[in-house]
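Here are some notes on the model you sent round. They go point by point and can be read alongside the structure.

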Amino acid sequence: MADIAVTAAQVALLDPRKAEILSFIATEAIEAGQAVYILSTGKAGVAGAATAGKQQARGLALNKVAAGQPVDVVKRGAVAGFTLSGQNADTRVFLSNTLGAVADAAGTASVPVGRVMTTTDKSASKFIYFDFSWTDQWS
């Protein structure tokens, strides 16, 4: 399993009109591009496949925030800002054991979060289409 590199300053929705975005209060510092889970308090924290409770990833942070600030979280949508040169299109993406990261293979808990896709223009640039499940529970 290898983590997929993210450049926080480049994390952006490719088509905001087709994305599902919610806002939560952060319980800790969160970087743009980090996967988050929702605590029983309704607040967001950094998700990780190897940490009990934190493997319940529900979205990806779109902005950098400190604890106590609102964070925009994409549940479903096309997101740029990841280094995907070594990934094929239609490859699944998973929550990583590394807190906040996504990876090319499952971590301790197998939590699928999206797929690598390509744009329809000449560049065929790659992005991740995230589709976090809000009904599944992982352990």
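1. How many bridges join E3 to E5, and do the two strands run parallel or antiparallel? This is a predicted model, and in it E3 and E5 are joined by 3 bridges and run antiparallel. Tyr37 has Ala57, in E5, as its bridge partner.

2. E3 also pairs with strand E4, residues 44–46, through 3 bridges, and this pairing is antiparallel. Here Val36 is matched with Val46 of E4. The two strands make a hairpin with 5 residues between them, in which Gly42 takes a positive phi near 85 degrees.

3. Strand E7 has two pairings to look at. With E9, E7 shares 3 bridges in an antiparallel arrangement, and Val93 has Gly114 of E9 as its bridge partner. With strand E8, residues 102–103, E7 shares 2 bridges, again running antiparallel; Phe94 stands opposite Ala103 there. E7 and E8 form a hairpin with 6 residues between them, and Gly100 in the turn has a positive phi of about 85 degrees.

4. The largest nonpolar core contains 27 residues. Val79, Phe82, Leu95, Val102, Val113 and Phe130 are the members with the most contacts inside it. At least two residues of this core come from each of strands E3 (35–38), E5 (57–61), E6 (70–80), E7 (92–95), E9 (112–118) and E10 (126–131). Another core, of 10 residues, lies apart from it and includes Ala26, Ile30, Ala44 and Val71.

5. What does Val102 touch, leaving aside residues up to four places away in sequence? Its contacts take in Ala2, Asp3 and Ile4, and also Phe82, Val93, Phe94 and Ser96. Val113, Ile128 and Phe130 are on the list as well.

6. The count of aromatic pairs comes to 3. One of them is Phe24 with Trp134, a tilted pair at 6.4 Å centre to centre, with 45 degrees between the planes. Phe24 is in strand E2 (residues 20–25) and Trp134 is in the segment after E10, so the pair ties together parts that are 110 residues apart in sequence. Phe24 counts as buried, at 13% relative accessibility, whereas Trp134 is partly exposed, with a relative accessible area of 36%.

7. Phe130 and Phe132 form a stacked pair, 5.6 Å centre to centre and with 10 degrees between the planes. Phe130 is buried, with a relative accessible area of 0%. Phe132 also counts as buried, at 1% relative accessibility. Ring pairs link Phe130, Phe132 and Phe82 into a cluster. Phe82 and Phe130 were named above among the core residues with the most contacts.

8. Is Arg76 buried or partly exposed? Arg76, found in strand E6, has a relative accessible area of 29% and is therefore partly exposed, since buried means under 20%. The side chains of Arg76 and Asp131 are joined by a polar contact of 2.9 Å. Apart from residues up to four places away in sequence, Arg76 touches Lys18, Ala19 and Glu20, along with Tyr129, Phe130 and Asp131. Asp90 is 14 residues from Arg76 along the chain, and the C-alpha atoms of these two residues are separated by 16 Å.

Definitions and conventions. Residues are numbered from 1 along each chain as its sequence is written. This is a predicted model: local features need pLDDT of at least 70, side-chain atom pairs count only at pLDDT 80 or more; totals for chains, interfaces and linings use all residues. Side-chain values use heavy atoms; hydrogens and water are left out. A nonpolar core is a set of buried Ala, Val, Leu, Ile, Met, Phe, Trp, Tyr and Cys residues joined through side-chain atoms within 4.5 Å. Buried means under 20% relative accessible area, exposed over 50%, partly exposed in between (1.4 Å probe, protein chains only). Helices (H or I, at least four residues) and strands (E, at least two) are DSSP runs, numbered from the N terminus. Contact means heavy atoms within 4.5 Å. Two strands pair if DSSP finds at least two bridges between them. Rings of Phe, Tyr and Trp (its six-membered ring) pair if their centres lie within 6.5 Å; planes under 30 degrees apart count as stacked, over 60 as edge-to-face and the rest as tilted. A polar contact is a pair of N or O atoms within 3.5 Å; within protein, one must be able to donate a hydrogen and the other to accept it, and residues adjacent in sequence count only if both atoms are side-chain atoms.
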